[in-house]
Amino acid sequence: MQVLENKLSVRRCLTFVTGLVECLCFAGVVFGWASLVFVLKEDGYFSSLCFNTTGVNDTQKLDCSAQDEQFSLIFTITSFINNFFALPNGFLFDHFGTTVARLLAIFLYTTGSLMVALSSPALSFLLFLALPLLAIGGILFLITNMQIGNLFDSRRSTIINLYNGAFDSSSALFLIIKLLHESGVSLRTSFLFLSACSVVHILRTFFLLPRTFIPHPLPDRYAYGVSCGPLETMSSEVTANSCALTGAEDTPFTKDVPLKQEKTFRECLLSRFFVGHLLWLSVMQLRHFLFIGTLNPMLLRLTDGDSSLVSQYTNAFAFTQLCAVLCAPWNGLIMDRHRGKPRAAGETVHEADLRASVLSLFLTALQCVLFSLCASIPSLPLQYLTFILQVLNRSFLYGGIAAFISVAFPSCHFGKLYGLGTSLAALFCLLQYPCFALVNGALGGDPLYVNISLTLLSLLPFVHPLSVYLHCRKLASLRDKRETTAFSS
């Protein structure tokens, strides 16, 4: 029995570590777009759209605004696809399980990598398909890995946030490709290597992850993977029944506990928690996507076209993205620390989880306002602080999405709600391209008024933590009344 327990413990640790590496190195690479754009411009992608114009004092100046618009359009499409396809990805994961979802992810990711490898300045249009494929494959890697938090119940929120932080940090992979490109390694070679790494993803899918799901709460001696033998049957049954249990976190997993029907998907969808969370996500995500998508032209404007300074600040931005994996656990630790506090009399685990999420939601909204303020000030040295606030806020944001959904709604709806939320937020984020076109057109390249508008819009996410806080206060008040009534009688 002890040998079996040790084997399960080792397998769980391997699953956690390899999942972290997978998210860190592959899942969110498309958000390192600013580094990749620098390489693509060096290689001459869309360079035919640049033309000479007459500047001040009849000097000739190269105008590449049309080239920047193409790159901005690629990132807009990619970021939209990344989030919008989270909905079908969530349904796919909920209905077909881990193995099917990951095999699709590996196929899409490998195809996208090969398309970038085969692209050239003459075949620049391939980027419009390649980057979205990388995004869809990457988000599927993240969705299938976040369930690993169920293996470590006391640190569940921390691990979910850590994986989301690793997802953010993986954007630094394009920085590595940029540095390799400057050292003489071609873009094709880098992406061929990236596609070859799919072998590792396949091995991990069959040996270190379940065929269906990792249930929560976790049953005793839960096992998974190709070598789990007869325990696989037990784990599958637990998973199949996980949606019928009430507040899985509220009750121990025993046959003697009466079953209570969970909320339906429709009830979750129409709840004020989901609507508030959608508003919270949509506004902050738009601010981040617009910043990332327009970083290169913004730096060109602030440096007066100095390519060495643009490269320096692009590298600094990419290096800060590596810190996301260090920042993200802070959010999870905040939630887990508050969850660990003694509960009030009559307070359920579900209510305690909601109460613990309020501070996390508030801090994330506050960080976004500060980040947006710094991004709005046209000062080049200040952008270092902007980069730090951006990566801190982004790591809190994406970890907070998954962590809140996992505590506020039944686990059987996690994939669908996570997918639907990010998909609807993606529709809102389509506004980034009109914003970019407005800056380049009517505003003459000056984004000040757009930045001020987005900063004011960033105040809206405070509605969500306020709503959750008021709900928790209402529940506490009802408990007090019940206790008073019971004491009086």
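Helices (H or I, at least four residues) and strands (E, at least two) are DSSP runs, numbered from the N terminus.

**View 1. The whole chain, a predicted model.** This is a predicted model, where local features need pLDDT of at least 70 and side-chain atom pairs count only at pLDDT 80 or more, while totals for chains, interfaces and linings use all residues. Residues are numbered from 1 along each chain as its sequence is written, and side-chain values use heavy atoms, with hydrogens and water left out. You'll find 21 helices and 2 strands in the protein chain. Of its 489 residues, 57% are buried (buried means under 20% relative accessible area, exposed over 50%, partly exposed in between; 1.4 Å probe, protein chains only). The protein chain exposes about 20600 Å², with 68% of that coming from carbon and sulfur atoms (Shrake-Rupley method, 1.4 Å probe; for residues, only the protein chains shown count as cover).

**View 2. Where the confidence goes up and down.** Mean pLDDT (the predictor's confidence in each residue, from 0 to 100) is 81 for the protein chain, and 87% of its residues get to 70 or more. Among the elements, helix H8 (residues 187-196) has the highest mean, 94, and helix H10 (residues 231-241) the lowest, 40. Over residues 228-260 pLDDT stays under 50, and the model has 53 contacts beyond four places in sequence for that stretch (contact means heavy atoms within 4.5 Å).

**View 3. Arg204 and Glu22, a salt bridge between helices H9 and H1.** The side chains of Arg204 and Glu22 meet here at 3.1 Å, N to O (a salt bridge is a side-chain nitrogen of Lys or Arg within 4 Å of a carboxyl oxygen of Asp or Glu). Arg204 sits in helix H9 (residues 198-207) and Glu22 in helix H1 (residues 2-27), 182 residues apart. Arg204 counts as buried because its relative accessibility is 5%, and Glu22 is buried too, at 3%.

**View 4. Asp68 and Lys41, linking helices H3 and H2.** In this salt bridge the closest N and O atoms are 2.7 Å apart. Asp68 belongs to helix H3 (residues 65-84) and Lys41 to helix H2 (residues 33-43), with their positions 27 residues apart in sequence. Asp68 is buried, with a relative accessible area of 13%, whereas Lys41 is partly exposed at 22%.

**View 5. Glu182 and Lys178, a pair within helix H7.** Their side chains form a salt bridge at 2.8 Å, N to O. Both residues lie in helix H7 (residues 173-182), 4 residues apart, or about one turn of the helix. Glu182 is partly exposed at 46%, while Lys178 counts as buried at 0% relative accessibility.
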